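Biologist: I would like a close look at a single part of this protein, followed by an account of how that part fits into the whole. Please take your time and build the picture step by step.

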Amino acid sequence: MALNVSKNDLASGAMFIAFGAYFVLESTRYEFGTPFRMGPGFMPVVLGAVLVALGLAVAAKGFGKPDDEAPAPWPWRGIALVLGTIVFFAATIRGLGFIPVVLISGFATAMSSTRNSILQALVIAVGLCVLCYAIFVFGLGMLVPMFGPWLNFAGA
């Protein structure tokens, strides 16, 4: 006898519950405080608990409703590009500088979707670079080199 459940909903709910529980457990190391005098552990505990509750709701929704279609294949291209971009950003931000790293990271991340063309990915990357510059450099006043020492033309 097969269970009448949605494996997709159960897996999604389990991921939400796992991440929420992790954040709740990790944030118990910090002072909790009260709603009027929040400590550093207050928001992670509350948000982790909300994530656990959402996970329970998603998992509960999966009971009594089997999956109608076969699960979609894993988007390996997207997974590789997004994870690779995180590693690339961390490894090259000091050497290449802000502008090249944000442009390359934005382009690679945009190309992780099969729906974006090269031109669309370029527009997204340039827009993200301008937005990040406006927020982090202009708005928050972060002192980050625009071009790093690996680029000889920048005079860094």
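Modeller: Let us begin with Ser6, which sits in the segment before helix H1, a helix that covers residues 7-27. This is a predicted model, so everything said here about positions and contacts describes a prediction. Is Ser6 buried or exposed? With a relative accessible area of 1%, Ser6 counts as buried, because the word is used for residues under 20% relative accessible area. Which residues touch Ser6, once its neighbours within four places in sequence are left aside? The contacts of Ser6 are then Gly62, Lys65, Pro66 and Asp67.

From Ser6 we can move on into the helix that follows, where Val24 lies in helix H1. Val24 has a relative accessible area of 22% and is therefore described as partly exposed, since that label applies between the limits of 20% and 50%. When neighbours within four places in sequence are again left aside, Val24 is in contact with Val45, Gly48 and Ala49. A distance fits beside this list: Val24 and Val46 are 22 residues apart along the chain, and their C-alpha atoms are separated by 7.8 Å.

The contacts of Val24 lead to a stretch that is also named in a record. According to the UniProt annotation "transmembrane region", from an unreviewed entry, the residues covered are 12-30, 42-60, 80-109 and 121-144. In the model, residues 42-60 are 100% helix and 0% strand, with 27 Å between the end C-alpha atoms. For residues 121-144 the helix share is 79% and the strand share 0%, while the end C-alpha atoms lie 24 Å apart. The UniProt record, in an unreviewed entry, also places the feature "domain: DUF1468" at residues 11-145. That span is 70% helix and 0% strand in the model, and its end C-alpha atoms are 43 Å apart.

A third residue, Thr109, belongs to helix H4, which runs over residues 98-110. Its relative accessible area of 34% makes Thr109 partly exposed. Apart from neighbours within four places in sequence, Thr109 has contacts with Val82 and Thr85. Thr109 and Pro71 are 38 residues apart along the chain, and a distance of 24 Å separates their C-alpha atoms.

With these three places in mind, we can step back to the chain itself. How many helices and strands does the chain have? There are five helices and zero strands, and read from the N terminus the order of elements is α-α-α-α-α. The C-alpha trace spans about 70 × 45 × 20 Å along its principal axes. The radius of gyration of the chain is 21 Å, whereas a compact globule of 156 residues would have a value near 15 Å.

Ser6 was described as buried, and across the chain buried residues make up 25% of the 156 residues. The exposed area of the chain is about 11100 Å², of which carbon and sulfur atoms supply 73%. Among contacts between residues at least 6 apart in sequence, 62% join residues at least 24 apart. As for charge, the chain carries 8 positive and 6 negative side chains, and the centres of these two sets lie 9 Å apart.

Definitions and conventions: Residues numbered from 1 in each chain as written. Predicted model: local features only at pLDDT ≥ 70, side-chain atom pairs only at ≥ 80, totals over all residues. Heavy atoms only, no water. Helix = DSSP H or I, 4+ residues; strand = E, 2+ residues; numbered from the N terminus. Rg over C-alpha atoms; globule rule 2.2 N^0.38 Å. Buried < 20%, exposed > 50% of the residue type's maximum accessible area, 1.4 Å probe, protein only. Contact = heavy atoms within 4.5 Å. Areas by Shrake-Rupley, 256 points an atom, 1.4 Å probe, with all protein chains shown as cover. Lys, Arg positive; Asp, Glu negative; His and termini not counted. Charge placed at Lys NZ, Arg CZ, Asp CG, Glu CD. UniProt positions renumbered as here; feature names shortened; annotations may be inferred.
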